[in-house]
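Please describe the empty spaces in this protein model and the sheet found in it. A short report with a table is enough.

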Amino acid sequence: MKKKLLSMIIVTLSVLLLAACGSEESSGSGEGGDSALSKVKDQGYVTVGFANEAPYAYKEDGELKGVAVEIAKAAFAKMGVDEVKGEIADWKQLIPGVKTGKFDVITAGMAILPNRCEQVDFATPGIKYGEGMVVEKGNPESLKSYADIAANGDVTVAVMSGATEVDFLKSAGVSEDQIETYPDIAATLDAVKTGRAQATTATELTVKKAMKSTGGDSLEYVQDFEQPDVEGVPSYGAAGFAQDADDLREAYNEELAKMRESGELAEIVNSVEFFGDGNLITEDITVEELCKG
């Protein structure tokens, strides 16, 4: 009887132990075959979601380019994952995509914000940037800041759907009925060209790049634009991971730290058009601080 009882206890403990091990591996933080890091290493590639927003992450002539892409390519290569497969998505679909496993990582210069931190885990930030604004040639409404837009109820501003600028504008006092959203930057520029909006805003690098490629003679970049005094400016951009992919994110952070220390990160940032030393993070700032706002 005692031997039978002892055998039952051993079997029960073995089952519990195996269940616990399986739970750890499936969390993405263990060393088992189900971990996020093991998955990308085994398949030999990483799937990256991006919003086709130059110069952060975009596709040109079938090739994935941009500063966020170049940083990710270098980091993943050092992790033993040489192939980066890019998938275009609307900006607002990036976070849902990585949460559901459609993407292994999202890398689009995405700013680290408290509400986003509730949904994804960010890697250490790789770049920082400010805001910019484009208006009709000659700037007939004399718009030099978000405050100027807020002060003129007849002004409509076009913004990419899901972008941080929507909240920045509201924080600066711009009313919701003055803000119109569009699927991408090209569409916001077109809104100003056709008179449906009097201004469009995005990060300074985005609008400068867009102006060069699709701006045309009827638009003007506001050179003396005043940066808004709102939470989140300047923005700190980073790759985003699913909340159960700790091992993948930690491995990425480890390589990113080495790249920063060796100067490779600075070289990558400075090699991409429109970026420079001003976009390097020199201050001591952490993801935890940014997630707290």
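The report below takes up the pocket, the cavities and then one sheet.

The model is predicted. Its largest pocket holds about 430 Å³ of space. Lining this pocket are 21 residues, and Asn-52, Glu-53, Ala-54, Ile-185 and Ala-186 are the closest to its centre. Three elements, β2 (58-60), α8 (185-193) and α9 (204-215), each give two or more residues to the lining. The most comes from α9, which gives five residues. By class, the lining of the largest pocket has eleven nonpolar, four polar and six charged residues.

Apart from the pocket, there are two cavities of 30 Å³ or more in the whole structure. The largest cavity has a volume of about 120 Å³. Its lining is made of 16 residues, with Glu-53, Trp-91, Thr-164, Glu-165 and Thr-203 nearest the centre. Glu-53 is thus named for the largest pocket and again for the largest cavity. Strand β11 (residues 199-203) supplies the largest share of the lining of the largest cavity, three residues.

The second largest cavity has about 90 Å³ of space. Among the 13 residues that line it, Ile-71, Gly-237, Ala-238, Ala-239 and Tyr-252 lie nearest its centre. Helices α3 (67-78) and α10 (246-262) are the elements that give two or more residues to this lining. No charged residue is found in the lining of the second largest cavity.

The table sets out the residue classes for each lining.

| Space | Nonpolar residues | Polar residues | Charged residues |
|---|---|---|---|
| Largest pocket | eleven | four | six |
| Largest cavity | nine | four | three |
| Second largest cavity | eight | five | none |

The sheet comes next. Five strands form an open sheet in the order β10-β9-β11-β8-β12, and the pairing is mixed. At the edges are β10 (179-182) and β12 (219-221), each of which pairs on one side only. On average, neighbouring strands of this sheet are turned by 30 degrees against each other, direction ignored.

Within the sheet, strand β9 (residues 157-160) pairs with β11 in the parallel sense over two bridges. Val-157 stands opposite Ala-199 in β11. Helix α9 packs on the sheet and touches β8 (131-136), β11 and β12. The direction of α9 makes about 125 degrees with that of β11.

Two elements therefore link the parts of this report by name. Helix α9 packs on the sheet and gives five residues to the lining of the largest pocket. Strand β11 is one of the five strands of the sheet and gives three residues to the lining of the largest cavity.

Terms used: Residues numbered from 1 in each chain as written. Predicted model: local features only at pLDDT ≥ 70, side-chain atom pairs only at ≥ 80, totals over all residues. Heavy atoms only, no water. 1 Å grid on protein atoms, 1.4 Å probe; cavity = no way out; pocket = protein on both sides within 12 Å on 5 of 7 lines; lining within 4 Å. Points joined across faces, edges and corners; volume = space filled by probe spheres on them. Helix = DSSP H or I, 4+ residues; strand = E, 2+ residues; numbered from the N terminus. Nonpolar A, V, L, I, M, F, W, Y, C, P; charged D, E, K, R; others polar. Pairing = 2+ DSSP bridges. Axes fitted to C-alpha atoms, helices over the stretch in contact; angles between N-to-C directions. Contact = heavy atoms within 4.5 Å.
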